[in-house]
Amino acid sequence: KIHASDYDFHLQEKNIKYQTMQSYIVYIDQAIYGAPDMYARGEKFDIDIEKYFSDLRTFFDKIEDELKMDVVIASAPKINYSGNEYLFGKRKIVHGFNSRSIIASSSLVLIHYSTAINFAVIYKKPMMFITSDIINKYKKPVIDSLSKYFFSKPININHNINDLHIPEVNKNIYKKYFNDYIKEPSSSDKLFWEQVVELINQ
């Protein structure tokens, strides 16, 4: 079985030692209010965008105050927030295609259900699953399912935002997820595309 393509980045950069030079929290933006991929799948959500972002900003203010770290935004890959930085409270925004490196150097990952979870697992980063009343209308099942896998309970940022802390990394669960969804123990360490080419040429 071929490993997930995300693992290629780890193979190519395995000699790079990522360090938390400055402690920060990374939020994995999925543009649930209307990402292009969602429209392509026929998903159309009736979302109050102003409240959607207001909820996030309020939560970011809260977690920054409690954990004494800044929140950095890893934007959805196909979304350009240039000129709209105010949506996140003028916090630093890093383009989504660079989410790997920003996750690798972070102290905590805030996530809904993004496949970027693979990088959080590869680099063994603490994860906090978050949702909101708005997000729950459309994505509650998938967020509940993914967080349950990690024996975690999603934080609804509209209600349960007291006593915030960095979760422990459950090494056994991370290892299980890695083996189940990223790379089987017996699979090759060759790059994803190299293995695909070999299969085609068989």
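Let's start with how the chain folds back on itself: residues 24 or more positions apart account for 70% of the contacts with a separation of 6 or more, a contact being heavy atoms within 4.5 Å. Keep in mind that this is a predicted model, in which local features need pLDDT of at least 70 and side-chain atom pairs count only at pLDDT 80 or more, while totals for chains, interfaces and linings use all residues. Residues are numbered from 1 along each chain as its sequence is written, and side-chain values use heavy atoms, with hydrogens and water left out.

Now for the parts list. The chain has 8 helices and 6 strands; these are DSSP runs numbered from the N terminus, with helices being H or I of at least four residues and strands E of at least two. Along the sequence they follow the pattern α-β-α-α-β-β-α-β-α-β-α-β-α-α. Of the 202 residues, 48% count as buried, meaning under 20% relative accessible area, whereas exposed is over 50% and partly exposed is in between (1.4 Å probe, protein chains only).

Take a look at helix α3, residues 49-67. Its 19 residues should span 27 Å, because the expected span is 1.5 Å times one less than the number of residues. The end C-alpha atoms are indeed 27 Å apart. Which residues of α3 are buried? They are Tyr52, Phe53, Asp55, Leu56, Phe59, Phe60, Ile63, Glu64 and Leu67. Seen down the axis, they fall within an arc of 160°, so they line one face of the helix; the arc is that of the directions from the helix axis to the C-beta atoms. What covers them includes β1, β2, β4, β5 and α6. Glu50 and Asp65 are exposed, on the face turned away from the buried side.

The ends of α3 are worth a look too. At its start, a side-chain oxygen of Asp48 reaches to within 3.2 Å of the backbone nitrogen of Glu50. Just after the helix, Lys68 takes a positive phi of about 60°.

Next comes helix α7, residues 171-182, where Ile173, Tyr174, Tyr177 and Ile182 are buried. These residues fall within an arc of 110° seen down the axis, so they line one face of α7. The face turned away carries the exposed Lys171, Asn172 and Lys175. Asn170 caps the N-terminal end, with a side-chain oxygen 3.1 Å from the backbone nitrogen of Asn172.

Finally, find Phe178, also in α7. Phe178 is partly exposed, with a relative accessible area of 21%. Its C-alpha atom is 10.0 Å from that of Phe119, although the two are 59 residues apart along the chain.

Definitions and conventions: Polar contact = N/O pair within 3.5 Å; in protein donor to acceptor, adjacent residues only side chain to side chain.
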